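Biologist: Please take me through one part of this model slowly, starting from a single side chain and its surroundings and then moving on to the elements around the next one. I would like the cut-offs behind each term stated as you go.

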Amino acid sequence: MPIRVAHVGTGNVGRLALTGLIESPRYELTGVCVSTPGKVGRDAGELAGLDITTDIAAVGDIDALLATEPECVVYCAMGDTRLHEAIEDCRRILAAGVNVVGSAPGLLQYPWRVLPQKYIDPVEEAARQGDSSLFITGVDPGFANDLLPFALTGTCQTVEQVRCMEIADYATYDGVTVMFDVMGFGKPLDETPMLLRPGVLSFAWGPAIRQLATGLGITVDTITERYERIPAAEAFDIVAGHIPEGGLAALRFELCGMVGEHPAIVIEHITRLREDLCPDWPQPAQAGGSYRVEITGEPSYFVDICPTSRKGDHNHAAIVAAAGRIVNAIPAVVTAAPGIRTMLDLPLVTAPGVFTTPVRQ
């Protein structure tokens, strides 16, 4: 029997996750919830960008979605700028006896020692009440910071450091809120965007560092942050909008999970809006962008992951990967023990949404 699944959010990740739900025979889509009034009433197939009609019209509130009696909700609503609301949405869904798999709120990927316990306890209590489970994931933070490094460290005799890197040109990324409001691209350098306020980087990627530490069997004492910003030498346009001269055009940040004075776990992002910016910074393994996992130990590894897509560039491919990770994890989460589940709790997810063979010309 297909698993009955409802869906929340049709933004960059949400639209592709919705596509995965509709196209996979493992799931029966029961409903779609949207936050944009203009999307209410539109067919799920149209919202997914598919040339099909599902006869499922989008609703505008969680209660109406839960009335469709799903076993699981895929939650891909915005979480970066509405953390408390996203946590409360997940709590309500769990308390109703419905499992949650999604991209937000990111802090719930591994909230312990990152989020105050007063925010974790209501989510865990709701899961116990509803006998339901929750799994939040993505790419970075997500499987590039847990699944991939764990696969490598599991072959090592010794490990001194784990470094996870995203090296990408974001010029084709069309997430306006993330690009301008969260990351601060295009803003004067005397303005501090949300992401770079003290402690926010540790809030966003702290779950990844804490989860890696737990899996490695070590205790991270502190998390340090540093960043570097480069202004645009001239004005130019990107998909998300306009970058004026002097506005932020390249950003590099690094978080270190410190064991004593040693940086045991490092997460680093190198983000450009043009390939010619900051040539001295690390370069991607393919044009546009890649992910990199470096393990220093015995043996050591230097592994580049180059996402590509037949339907878009590196940015699109990464979003497809995030959506795929979410949708493909649903069966494991539905059968998991109640509570906040992490990559450390779930079995290895191996099955794709659909296995296909090449079309012969």
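Modeller: Leaving out residues up to four places away in sequence, threonine 68 touches Arg4, Ala6, Thr30 and Gly31, where contact means heavy atoms within 4.5 Å. This is a predicted model, in which local features need pLDDT of at least 70 and side-chain atom pairs count only at pLDDT 80 or more, while totals for chains, interfaces and linings use all residues. Residues are numbered from 1 along each chain as its sequence is written, and side-chain values use heavy atoms, with hydrogens and water left out.

Threonine 68 lies in the loop between α3 (62–66) and β3 (72–75); helices (H or I, at least four residues) and strands (E, at least two) are DSSP runs, numbered from the N terminus. Its relative accessibility is 23%, so threonine 68 counts as partly exposed, the class between buried (under 20% relative accessible area) and exposed (over 50%), computed with a 1.4 Å probe on protein chains only. The threonine 68 side chain makes a polar contact of 2.8 Å with the side chain of threonine 30, and the threonine 68 side chain also reaches the backbone oxygen of leucine 65 at 2.6 Å. A polar contact here is a pair of N or O atoms within 3.5 Å; within protein, one must be able to donate a hydrogen and the other to accept it, and residues adjacent in sequence count only if both atoms are side-chain atoms. Between the C-alpha atoms of threonine 68 and alanine 95, which are 27 residues apart along the chain, the separation is 16 Å.

The other loop residue to look at is serine 132, placed between α5 and β5 (133–136). With a relative accessible area of 1%, serine 132 is buried, and a polar atom of the serine 132 side chain lies 2.8 Å from the backbone oxygen of leucine 94. Apart from neighbours within four places in sequence, the contacts of serine 132 are Leu94, Gly97, Val98, Asn99, Ala126, Ala127, Pro338 and Gly339.

Two of those partners, Ala126 and Ala127, belong to the buried residues of α5, which also include Ile120, Val123, Glu124 and Gly130. These buried residues cover an arc of only 155° around the axis, which puts them on the same side of α5; the arc is that of the directions from the helix axis to the C-beta atoms. What covers them includes α4 (83–95) and β14 (339–341), whereas the face of α5 turned away from the buried side carries the exposed residues Lys118, Arg128 and Gln129. Helix α5 itself, residues 117–130, has 14 residues and spans 20 Å from its first C-alpha to its last, close to the 20 Å expected at 1.5 Å a residue, the expected span being 1.5 Å times one less than the number of residues. Just after α5, aspartate 131 takes a positive phi of about 50°.

As a counterpart to α5, consider helix α9, which runs over residues 314–328. Twelve of the 15 residues of α9 are buried, so this helix is largely enclosed by the rest of the structure; among the buried ones are His314, Ile319, Arg325 and Asn328. At the start of α9, a side-chain oxygen of aspartate 313 comes to within 3.1 Å of the backbone nitrogen of asparagine 315.
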